[in-house]
Amino acid sequence: MPPIEPLPDSVPVLIAGGGPVGLALAALLARHGVASLVAEADAGYCTGSRAICISRRSQEILSWAGAGAALAAKALPWTGGRSYWRDAEVLRFQMPNEPSQRFAPMVNIQQYHVEEFIHQALQASPQLAQVAWSARVAQVAPQADGVDVAIETASGRSTVRAQYLVACDGGRSTVREQLGLQLEGTQYDGRYVIVDIVQKTRRPVERLAWFDPPSNPGSTILMHRQPDDVWRIDYQLRDDEDGVEALKPENILPRVQSHLRMIGEHEPWEMLWASMYNAKCLTLPAYRHGRVLFAGDAAHLVPIFGVRGLNSGLDDAANLAWKLARVLAQDAGDALLDTYSAERVQAARENIAYGAKSTEFMAPPDFAFRLMREATLRLALDEPAVRSLINPRQSAPVAYTGSALNGPQVGEWVDAAAAPGQPAPEALLAGPQGAFHLTQCFGTAFTCLVFGDGPLPQAVAALANHGIGVLDIPPEADALGQARERYGLPDAAATGLVLVRPDGYVMGRWRGLDARPLLDCLRGRGWKL
Amino acid sequence: MTDADLDLGYTALCKSLGEVGQERSELLLAMVCLALMARCADAGDVLPLIERARDRCLQEPPRGG
């Protein structure tokens with residue numbers, strides 16, 4: 001990638017780290033009209049598949065980043081999976097999914113493709129989003145009204161003054177180290193080798209797991225299909241195996257070959273990449289330190305088994321982008337950034353708890369978890385009721401329960417799915433240009449959903465003057481009744497307003513069609529309207 | 001469960017444990033325990049049982065001491 005020379009003297013937002021989270025943040029900021037500079041130490045995209053499972057919510061966020069079409073064209077959708085113990089199937093699961101959904105619950109794609117797609121989308125806003133490759137953050141010096149960041153490039157070291165620095169520089173974050181901050185939590189000892197191989201297959205796209213398979217006795221194996229005829233294979237090492245030896249091709253190839261033969265995949269194959277990990281449950285206690293913010297793996301590390309690593313990092317970016325934009329535009333005080341930390345730390349703790357549950361099964365941490373897993377796997381042959389214990393517990397967006405940003409819920413609402421702090425539910429609607437999904441309307445501004453019974457009241461339409469998108473959803477637009485049902489209107493004739501944040505979370509909901517409480521809600525949270 | 005049925009279950013468990021042998025006894029007990037747990041109505045039925053048994057076990061001196 002051609003370097004940016006020279007680097008600018010100053011920038012509103014400096015993003016340390018040009019992985020998928022850093023690049024997505026730059027794209028989302030650009031959508032809000034905020035300029036940023038991404039400093040990435042490597043010369044290009046990552047190598048190896050790394051984070052491969054992209055959740056439904058992440059697909060929404062990547063659409064806001066401009067990478068939606070490229071992702072949909074390349075990634076492989078899946079809806080379920082199977083688990084085996086020895087040579088018997090013990091679990092078959094399906095994630096919630098139905099034809100009217102906008103996205104599959106999960107799609108598989110290599111991380112380098114995700115980075116590439118977002119980077120390409122950034123080319124549409126070259127004045128706003130700049131990416132400096134081969135640019136390494138060397139020093140971070142917070143100041144009263146900004147952060148001085150020393151960056152090393154091929155031509156030497158220069159300092160960029162940023163109003164805000166966002167650390168998206170991964171598990172071994174330099175920014176974290178520079179500020180003397182430590183991740184807190186625990187790690188699991190169980191190690192997994194992860195391998196990408198290229199091999200043609202006719203198998204459907206689903207998550208496959210084997211416990212104690214004849215091909216690799218005593219081990220646990222996971223397989224995920226990826227684009228370009230790539231398989232991702234994860235297998236657990238024994239506690240007594242040497243990590244360095246385990247990554248040598250002569251030790252990887254036979255184990256992979258043995259398993260491929262067992263499952264009947266006989267096409268020629270070759271290995272592309274291998275790495276190793278152990279599950280971590282770690283987070284910073286706060287993601288805001290003055291003018292420095294943390295997102296993605298720089299802020300938290302969660303076990304791979306819960307599939308919430310990259311997915312939660314993208315959620316961090318979506319939560320932060322609109323808040324940073326508001327603060328930089330001086331539409332809101334910078335205390336708004338504290339809500340980023342509060343909401344996303346809470347989310348990380350929930351994601352860690354889910355990840356820990358998955359890890360207890362995939363890499364049992366002691367004799368007790370090992371014993372009960374063995375009991376569960378054998379019992380599962382005859383007892384359907386215990387199979388849920390084998391379920392890997394998929395990613396779902398976290399609700400911001402108790403957040404200071406949550407507004408009120410006024411009047412009778414009969415479903416909690418769209419309560420303040422919840423992710424705004426999806427609905428398929430009918431519009432003048434055809435069918436569209438409700439979530440297509442989120443991502444930039446606040447949106448007021450109008451469940452009305454006739455012409456739009458003038459005061460509600462006037463919300464647009466405050467930069468609030470107004471989406472009228474008359475019964476004929478709510479063709480399948482999904483919106484009224486999922487947003488909790490008691491009946492087809494009920495009226496109400498729902499205020500949705502730019503990141504697609506519900507801020508408040510009010511029965512009736514009075515616009516004033518919405519404005520009061522925003523003013524009460526520091527908005528200048 | 002009647003006393004007579006409890007007797008039947010008890011004896012069946014002992015005999016099965018004897019058949020599988022001491023080394024596999026933990027696994028058998030874990031399987032039976034999990035199967036019975038799955039038949040209870042909710043965690044409220046189960047968690048107090050586990051807690052009481054744990055407390056009793058912790059009162060036992062460790063073997064070989």
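This is a short tour of a predicted model, moving from the contact between chains A and B to two helices.

**Stop one: the interface.** Show chains A and B together, and select the residues that touch across the boundary. You should have 11 residues from chain A in contact with eight from chain B. About 880 Å² is buried between the two chains, and carbon and sulfur atoms give 82% of that area.

**Stop two: the salt bridge.** Now pick B:R39 and A:E383 and show their side chains. They meet in a salt bridge, with 2.8 Å from N to O. The count of salt bridges between chain A and chain B is one. While you are here, colour the chain A side of the contact by residue class: seven residues are nonpolar, one is polar and three are charged.

**Stop three: helix α2 of chain B.** Select residues 25–38 of chain B and place a distance between the end C-alpha atoms. The 14 residues should span 20 Å at 1.5 Å a residue, and the ends are indeed 20 Å apart, so the two values agree. Next, highlight the buried residues of this helix: B:S25, B:L27, B:L28, B:A30, B:L34 and B:A35. What covers them? Bring up α10 (367–379) of chain A and α1 (3–20) of chain B, which are both included in that cover.

**Stop four: a glutamate in chain A.** Finally, go to A:E60, in helix α2 (residues 56–64) of chain A. Is A:E60 buried or exposed? Its relative accessible area is 11%, under the 20% cut-off, so A:E60 counts as buried. Beyond its neighbours within four places in sequence, show A:R102, A:F103 and A:T439, with which A:E60 is in contact.

Key
Residues are numbered from 1 along each chain as its sequence is written. Chains are lettered from A and ligands numbered from 1 in the order in which they are written. This is a predicted model: local features need pLDDT of at least 70, side-chain atom pairs count only at pLDDT 80 or more; totals for chains, interfaces and linings use all residues. Side-chain values use heavy atoms; hydrogens and water are left out. Contact means heavy atoms within 4.5 Å. Buried area is the accessible area (1.4 Å probe) that two parts lose on being put together, summed over both. A salt bridge is a side-chain nitrogen of Lys or Arg within 4 Å of a carboxyl oxygen of Asp or Glu. Ala, Val, Leu, Ile, Met, Phe, Trp, Tyr, Cys and Pro count as nonpolar, Asp, Glu, Lys and Arg as charged, and the others, Gly among them, as polar. Helices (H or I, at least four residues) and strands (E, at least two) are DSSP runs, numbered from the N terminus. Buried means under 20% relative accessible area, exposed over 50%, partly exposed in between (1.4 Å probe, protein chains only). The expected span of a helix is 1.5 Å times one less than its number of residues.
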